[in-house]
Each structure stands twice: as C-alpha cells, then as structure tokens.
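Dear colleague,

I am passing on the structure below, and after it you will find some notes on what turned up when I went through it. Please read them with the structure open beside you.

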Amino acid sequence: MHIQEELNERHVLSLTVANEAGILARIAGLFTARGYNIDSLTVADITTDHAISRITIVTGGPPKVIDQIIAQLERLVPVHKVTDLTEAGPFVERELALVKVSGTGEDRIEALRLADVFRAKVVDTTIESFIFEITGTTDKIDNFVALMRQIGLVEVGRTGVVGLTRGKEAA
Amino acid sequence: MPFRSSGRKGLPRTQGKDFIVAEKSGADILVECLIDLGVEVVFGYPGGAVLPIYDALFNHPKIRHVLVRHEQGATHMAEGYARSTGKPGVVLVTSGPGATNAVTGITDALMDSIPMIVLTGQVATQLIGTDAFQEADTIGITRHCTKHNYLVKDPGKLAGVIHEAFHIATTGRPGPVVVDIPKNVQVATAPYQKPEAFEHASYRPQIKADAKAIDTAVEMLAAAERPILYTGGGVINSGLEAARLLRELADMTGAPVTSTLMGLGAFPASSPQWLGMLGMHGTYESNWAMNQADLIVCIGARFDDRVTGRLDAFAPNSRKVHIDIDRSSINKTVEVDLPIVADVGSAMADMIALWKSRNHHKADLSAWWKQIDGWREQKSLAYPESATEIMPQEAIAQLYKATRSATDVIITTEVGQHQMWAAQHFGFDAPNKWLTSGGLGTMGYGFPAAIGAQVGNPDSLVICVAGDASVQMNIQEMGTASQYRTPVKLFILNNEYMGMVRQWQELTYESRYSNSYSDSLPDFVKLAEAYGWTGIRIEGPQELESGIRQMIDTPGPVIVDCRVAKLSNCFPMIPSGAAHTDMLLDPSQVSGSLSDEAKALV
Ligand SMILES: Cc1ncc(C[n+]2csc(CCOP(=O)(O)OP(=O)(O)O)c2C)c(N)n1
Ligand SMILES: [Mg+2]
C-alpha cells in the first residue's frame, strides 16, 4: 500500500483577528492539527487601540482544502474575517528580506550591481560584506537570493508575505 | 486582597475609592455568575487550586455540587446532564491532574457538540510558567479540544468571561469551553455587576438561512422522486421545536427519514416513515435508500465516515442539500449541491412555511416506497435465536419492551457492540432520551452520563446499556451514584470480550483475538453490594424478562450482569472503506481477512 499525495494551489489568506494571548497558537495549531500547509505566516496589530491584528498566511492545497481552511479559520471565536486574497480579485503582496552577502573584488561589485537591478538597499556594510534589504513578491526575493548564492550568500532573514486587495475598499 | 493588574491600561475596571459596586472575591464573582446564568448543578472534584471556589460553594443554597470520583466522570456527567436537559453542563476541577483528567470528556463534548463549561483552577499568575506544583498548561492542552478557552488573569474580567463562555458554549454549534482561573484571581477582589447583554465582536453564528437557498431546497424537495431526509444530532441540539418541525417536514413531503447515531429520537422510531439508523451498523433499507435516492436532505448531520462508507461510492446519483449551523461541516468530505448555513430548526420552519405558501402537495412517492419496502424485507436487524444463550440483541429488545410503558426512559450507552445493538433494537420516539458517545467513541462515557442525566431528570428511568469492558473505565462513579442516591440502572451486556474489538479481529485478522478477552472480570453482583447497590445476575433466556422487571422495580441504583452469547457479532455491517451496497448481513459473508487499504482505515 502507498499513500497518495494531492496537487497544491498557492493561496494568500488575510485574516483580521482579536489581538489576544494565544491567538497565534490557535491559528498555527489549527493548521498542524488538520494537516494543512503553512508556507509563511505574518502577524502584527493594526489598530491604534491594539485590539485587532492582521495575520497573513500563505498556504497551499487543492481548492476543496483551501475552502475548508477558510471555513475552519472563520469558526475560531477570535477571528473577525478571513479573505482569500488569491480569490478576491487583484491584490498586492510583499515580503521583506535581509540578505547577507560576503565577497571581495569583482564579487562585491557584482553584488552591488545586482542589488541595484532588484532595487535592494544596502543597510549594513563591512569591507567584506553587505546586508541588503529587499522587498517584493516572494518570487522576486527567491530570484535575488538565488543570484546572491552564486556570489557568496551568508544568511537570509525573511518576513513572510503581507498582502492587501487593490482599490479603495477594505477586503 | 486588592488585585494588581499587570495588563494594559484602559481596562473597564472601577479604580480605588470611587466605585459604588461592592467588591467581591473572584470565587464569589464566579458563583454569582453561575447563579445569574441559571446554573443549578456543578459536577466537580476539589484540589489546591480551586479551594477558594469550593469555599464559596460551601453549603450553597442555590448551587448543588455533585462530588465525583474521577474528573473524567464529572465531564461525562455534565454531558449526560446537558444532552438530557438541553441546558449546559458545568464542571469544576483543580489545576494540573484535575484538568488533564478532564481532557477526554472535553474532547468528547467537542466531537458531539455538547454545551459544557469546564472551570479549571490554575496556579497563581506569578507562578505560571515556573513548573509550579500541579501546574499544567491547561489552555495549551485544551486549545484544540474546546470550542474556545480562556485564561483569566484579572478578577475584574472574570464575570465578562464567564458570561461569554456560556454564550459560546450554548449558541451556534454547541461545544465545550474551558475557563482557567488562577488561584490568586479567585482570592483577589473586584467590583461585580451582572454584565449586560452583549454582542460578541467576532463570534456571530448564522441562525437564519438565506431565503434563496430555502426556495431552491423547497423546489428540489417538491420535484424529487426519491427523496430522503438524513438527520443528525444537530436536530436535537437545535431543540424540541426542531424535532417537531422535522416531523412536520416528513409528514408534509412523505419522504423517508433516516438518522445518524447522534440523531436517534429526533424522529419517532414508531413512524412508518422511519428507516432506522444509517451507516456502518445501520439498516439495509436506510443505506440502500441513501444509495439510490435522487435527493438527500442532510439536516444537522456531517457526512461522517461512519455514515458515508467509501466516499466515491456514496449516494452517487443524488443531489444533496446540507443544512448545518457550522459552515465548516459543509463540503468537508462530501460535496453538496446546495449548502444552507443555518440553525436547522429555523431552516426547517422556513421550508415548511414556503412549501405551504406555494401550495405544494405530497408528491406520489409510491414507487420509491415500494423499492424501500423491498429492502425492508431483508430484515437486516434479524438475529439468530437461541434457547440456551441470551442473544444480546434479544436482551435489548426485551429491555425496550419492558420499558415501553414507563413514562420517561433515558438510555445511555458505553462504546462497543452493545452500543450498536442498543441503537438498532431500542426504539426512540423523543429527542434527548438517547445519550451516547458518537464522534469520539469514548468507553467510560455511558455510566457517568447516566448519573448526570439522572441528576437532571430525577423522575426518569435512566438506564445505561454497558459492556463488560467499557463499564470498568469509570466504574468508580458507583460511589457518586450511592452518595447522591441517583437510582441509575447499569445494564451490562456481559460477553466477556471487548466484543467490538473481537469482531474486527474475526473479520480482519482471522480470529486472532489479541488482548480482547475480558479476563479477571469482577463479580459485578458483589461489586454492587460493596457500594450499597442491588446486584442482579441474569444467566439464561428464561431469566431475562424477570431479571429486567426486577431491575426496573428495584428502587435505587442497580447493576445487572446480563450474561449474553459471547461470540455474537453486530450486523448488518459495512466494513470500513466499503460502499453502502457492500453491506454484510450475516456471519456467512465474513471472509476473515481484509486488504491493506481496508486495514488502514479505522
Ligand atoms: C477509551 C477507549 N479505549 C479503547 C476503545 C476501543 N474500543 C472500542 S469498542 C471496545 C470494546 C468494548 O468492549 P465492551 O465494553 O465489553 O463492549 P462490547 O463490544 O463487548 O459490547 C474497545 C476497546 C474505545 N472506544 N475507547
Ligand atoms: Mg463486552
């Protein structure tokens, strides 16, 4: 007997939730308990009274599973709203990364040149290294990191994705 | 002890001198809330971290405390109380082991949608996280087996949380809610006022169905040639009115009705439209009717794997309507054509009203009923007779017969073959009279549930149909029944086996009965005597009727050790992962082994 796997679709979910103790554990735990994937998860409070947080989750699964994930999230008592950005129409998604690269001579110049192409900023430098700050889609950051790997990538820190629907309305 | 809040500023607390409301301790606030919420009984067990609450309950004139013998017992009692009365069950336990012992019952209540509030003591706030004596991360442990849970760090917030906890436990799809209360919060004081009616910021279950969906459902029903109403525990949770509406809906449409294990009693078993339970041990006619229907209206059930069998063969030619208050139950395992998110009672009322205003009449379903009658002729619940041994099915049939005249009978069960036989051979005509652990299948549920039901229904005849193995899982609660004089009847179908396990081993593992024999059983009659109960042994078919009569007529709690045929199997049966049409009707169809795919399913 072999265990079958299903095809996955990438979805970006945006949640507003009550900013209370344990909310992150509740959400992350739901994903592990029901066997859903989390590619990235970001959270921060977004109102002046600190009452509400936005959580952005990048997940994957067959359409039926995505639908279940949303229904299960909506069922959690502190969850105000779940929006599937991937389904809701055009949306903007961004991720920020810090990328440390070391090298000298030609490598150093090439790193700077590539950073310029990607509109990455230098936020720290030594004689033998840079830290670049780059924002963009996950793909863009993946590409940048892949190029830096060839030059002398030391380490990477990424925030995970945040996203909002386009246009003047709230999702 | 005035409380120093470490929380954020701006809490709605009255500060220092200028309050008019009297300050009370957290423990007193809790008890006050319970009274305001109409709580009459608490099932609990004391310990260090709840001593202030126990002191507040000492000789309390309004709240009755039922002292259990094990915290798991308290949770199942609360479930039995809740399921039989429609009111939430309340549990009070101490921190650490008290809370962990409650976890099984909490999970059971989650799976079966039982409204329950579990109050757990916790170590003082400044000790949380230090591995203090009897500290357990109750909130972490119960996060995934509760509908919601709370840690209260400020006595000023306790009343709001308690009221919210009851609201969440009892509305929408009901479930268990844990409130963890550190000991210093029970001792510290804060002003108490009964919280005003509130609207929750994010939790708002949808009660009323979308009108367009109701319209579509009514037209689908009116046009159906082979409809079936597939009902579940949601009808019972929705309340007595929902059960009444179900009868009206069935009457109006003439459709056959089947139900899950959890829904038994919502529709009367005495009705000619009743097909019996469906699923793994359901009747031939209900499973075939599901398979051949052109329209399935699922009302408060959730297409559980015990019901559907092999998914790709489940009701292949039907359109499906699913009414459920929990949107996540819809399209979870079976995709439906028409989802209706609503309270089932409210949705049925809307459907009935629209059906009437459209002047729909009962369609001619005679061809469908003829087909159903053909399946009924299989007599799938028939069982072999024996002159020497008590057939377990016969024991249930006799129990049913003997209690039919009793005004109010509540049946609880443990888990195993006896549970299925009780579901098959006892007829339920009213909701809230059948209490069983469906979703979690918890051995040890039935006996404490019976005590809880008896506490909530002092005048009812409460009988727990038990197995010899299951009953031992919470047998210590005999002391509770003695102490509170709850005259529960513990009717044990003693086959000296974990019969259900043995049956699967016979089916799947060529009768290698690995660890399923109930060795070293206690003498149940002597055990009864040890606790001050009455013990009765029924050894042969001739004693069955009189033994049952004696059990019913004996005041106070009674154990019946009913010795039944040891190797009986529960049929009909759809093996795990098989289609409804592959039902086994009797032992001659059992091969003794299964494929690895089937073996991998529970
Ligand atoms: C707490 C728990 N442990 C294990 C099981 C698995 N299990 C299901 S039925 C059963 C046997 C029950 O035996 P008994 O109570 O004698 O009932 P019978 O099937 O013989 O009627 C077991 C072990 C369970 N359901 N619950
Ligand atoms: Mg047994």
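In chain B, the loop between α2 (51-57) and β3 (64-67) holds B:Asn59, and in this model, which is a predicted one, the phi of that residue is near 50 degrees, a positive value in a residue other than glycine. A second loop of chain B, the one between β20 (558-563) and α23 (596-599), contains B:Pro572, and the peptide bond that leads from B:Phe571 to B:Pro572 is cis, with omega near -5 degrees. Both points caught my attention because most residues other than glycine have a negative phi, and most peptide bonds are trans.

Elsewhere in chain B, helix α16 (residues 392-403) packs against helix α17 (residues 417-425) at an angle of about 50 degrees, the axes being 9 Å apart, which means that α16(B) is oblique to α17(B). The crossing of α16(B) past α17(B) is right-handed. On the α16(B) side the contact involves B:Pro392, B:Gln393, B:Ile396, B:Ala397 and B:Tyr400, which meet B:Trp421, B:Ala422 and B:His425 of α17(B); of the residues in this contact, 6 are nonpolar, 2 are polar and none is charged.

As for the two chains together, chain B contributes 23 residues to their contact and chain A contributes 21 residues, and about 1800 Å² is buried between them, with 50% of it on carbon and sulfur atoms. There are 3 salt bridges between chain B and chain A, one of which joins the side chains of B:Arg327 and A:Asp67 at 3.6 Å, N to O.

With best wishes

How values were computed. Residues are numbered from 1 along each chain as its sequence is written. Chains are lettered from A and ligands numbered from 1 in the order in which they are written. This is a predicted model: local features need pLDDT of at least 70, side-chain atom pairs count only at pLDDT 80 or more; totals for chains, interfaces and linings use all residues. Side-chain values use heavy atoms; hydrogens and water are left out. Axes are lines fitted to C-alpha atoms, for helices over the stretch in contact, and angles run from 0 to 180 degrees between N-to-C directions. Helices (H or I, at least four residues) and strands (E, at least two) are DSSP runs, numbered from the N terminus. Angles under 35 degrees count as roughly parallel, over 145 as roughly antiparallel, 65 to 115 as roughly perpendicular and the rest as oblique. A crossing is left-handed if the near helix is turned anticlockwise from the far one by less than a right angle, and right-handed if clockwise. Contact means heavy atoms within 4.5 Å. Ala, Val, Leu, Ile, Met, Phe, Trp, Tyr, Cys and Pro count as nonpolar, Asp, Glu, Lys and Arg as charged, and the others, Gly among them, as polar. Buried area is the accessible area (1.4 Å probe) that two parts lose on being put together, summed over both. A salt bridge is a side-chain nitrogen of Lys or Arg within 4 Å of a carboxyl oxygen of Asp or Glu.
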